[in-house]
Amino acid sequence: MSQMGQRVPKRPKIWHDSGMRVSILTREYPPFIYGGAGVHVEQLVAHLQPKCNLVDVQCMGEPRQGATAHPETFPEGANAALRIMGTDVAIAATVPHVDIVHSHTWYANMAGLWTSKMLNIPHVVTSHSLEPHRPWKSEQLGGGYRVSSWAEKTAFLDATAVISVSAGMRRDVLASYPGLDPDRVFIVRNGIDTDEFLPDPQTSKLVELGIDLDAPLVVFVGRITRQKGLVHLVRAAQQFDPDTQLLLLAGAPDTPEIEQEFTEAFSALKTMRSGVTWVVDMVPRLDLRRILTQATVFACPSIYEPLGIVNLEAMACETAVVASAVGGIPEVVVDGETGILVSYDPAQADDPQAIAAFEEGFANAVNTLTRDRVKAEAFGKAGRARCLTEFGWDAIADQTIDVYSTAIELFEG
């Protein structure tokens, strides 16, 4: 245990030179990535490969290089969660002989559990999010939300080891699943590739989008889902200073209802002020880092966030962050040093006054930085420095292998 009582991987033996073989199970894998879990898997695989004898990757969807892909089509016409279960069976039947299996998100958790049973090997799961903390998913999956919740709980309780991407996530995991042995729950944080995300002064994409390069710019990147708090940001923007621009890189709505709610809020904002732009299509990562570099503020109004890779991406590009103080975000964004944190209480999600106060507080934090560009730039430089020292992927890969090593000892003991 660390001094703060947080479980971190020990080093019982180092497998780097002994030929560890691992299978990574995931829904997302390049080039089809839509969330933070996919970014995590992409970087983890790349940094595990030089350290392991084999890194097998099993993913879902269309065929692609570097992984065995499985279509989400069986049973045909069934609820999406049931089709995922069918895909999990296909994955479990395909994994080669390995020393350990590592699944990411509920989509692949049952594939990991079944592979563990079939091959008699330890199963490690990474908790990128938790179904009990995402009740709005029932709007998207219907009865499938009960299936996804069962799959996650069953896999977590059966796993040899659980990796949490932040200390806050570890607390949530143990609270959600009190049957878990705390000594089997470890912290290995998400990271950022600071060679890919770095300050890039090229402005052609912003010019193409009609952004005024001389005026303050607030940028949001994420899916249109309740988790990301996008509607709160749009409402908060009504209180931004008149010269502040807002650029929303937002797509992939969870449901038509959520899309309609956001569209109505966005339309209302457009009638009140100028300088508001919404880009639906996913922006290439080269353009994304250029946009983040030019932003005065990166906005992360999430109401639930295990860590928040998007904040690391912005910080790596030397951009100040304004974010809600939920989940693992305070472990990334240092209030008053790399950005400003705004209090949000999930227990008051149905209280209009509390929500209005959050939106007002968010707007005030944004205005503080857009009015003081010197402070915003200082926060941005401190953010990149923090990424370089605290969130490197090579160290994260080593920590993950240490968890694998511990899991093998636990499984064999």
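## A parallel sheet and a pair of crossed helices

Six strands of this predicted model line up as an open sheet in the order 10-9-8-11-12-13, with parallel pairing. Its edges are strand 10 and strand 13 (339–342), each of which pairs on one side only. Go from one strand to its neighbour and you'll find a turn of 20° on average, direction ignored. Helix 9 packs on this sheet and touches strand 9 and strand 10, and its direction makes about 150° with that of strand 10.

Let's walk through some of the pairings. Here they are, with one pair of bridge partners for each:

| Strands | Sense | Bridges | A pair of partners |
|---|---|---|---|
| Strand 8 (residues 217–223) and strand 9 | parallel | seven bridges | Phe220 and Leu248 |
| Strand 9 and strand 10 (residues 276–279) | parallel | four bridges | Leu247 and Thr277 |
| Strand 8 and strand 11 (residues 297–300) | parallel | two bridges | Val218 and Val297 |

How does the chain get from one strand to the next? Strand 8, helix 8 (residues 230–236) and strand 9 make up a right-handed β-α-β unit. Strand 9 then joins helix 9 (residues 256–272) and strand 10 in another β-α-β unit, right-handed too.

Strand 9 deserves a stop of its own. It covers residues 245–251, and seven of its seven residues are buried. In a regular strand, side chains alternate between the two faces of the sheet. Here, Gln245, Leu247, Leu249 and Gly251 sit on one side, Leu246, Leu248 and Ala250 on the other, and all of them are buried. So both faces of strand 9 are covered.

Now for the helices. Helix 1 (residues 36–48) has 13 residues and reaches 18 Å from its first C-alpha to its last, close to the 18 Å expected at 1.5 Å a residue. Its buried residues are Ala37, Gly38, Val39, His40, Val41, Gln43, Leu44, Val45 and Leu48.

How do helix 1 and helix 14 (residues 393–412) lie against each other? Their axes come within 9 Å and cross at roughly 80°. An angle of 65 to 115 degrees counts as roughly perpendicular, and that is therefore the label for helix 1 and helix 14. On the helix 1 side, the contact is made by His40, Gln43, Leu44, His47 and Leu48. Helix 14 brings Trp393, Asp394, Ala397, Thr400, Ile401 and Tyr404. His40, Gln43, Leu44 and Leu48 of this contact also belong to the buried residues of helix 1.

How values were computed: Residues are numbered from 1 along each chain as its sequence is written. This is a predicted model: local features need pLDDT of at least 70, side-chain atom pairs count only at pLDDT 80 or more; totals for chains, interfaces and linings use all residues. Side-chain values use heavy atoms; hydrogens and water are left out. Buried means under 20% relative accessible area, exposed over 50%, partly exposed in between (1.4 Å probe, protein chains only). Two strands pair if DSSP finds at least two bridges between them. A crossover is right-handed if, with the strands pointing away from the viewer, the path from the first strand over the helix to the second runs clockwise. The expected span of a helix is 1.5 Å times one less than its number of residues. Axes are lines fitted to C-alpha atoms, for helices over the stretch in contact, and angles run from 0 to 180 degrees between N-to-C directions. Angles under 35 degrees count as roughly parallel, over 145 as roughly antiparallel, 65 to 115 as roughly perpendicular and the rest as oblique. Contact means heavy atoms within 4.5 Å.
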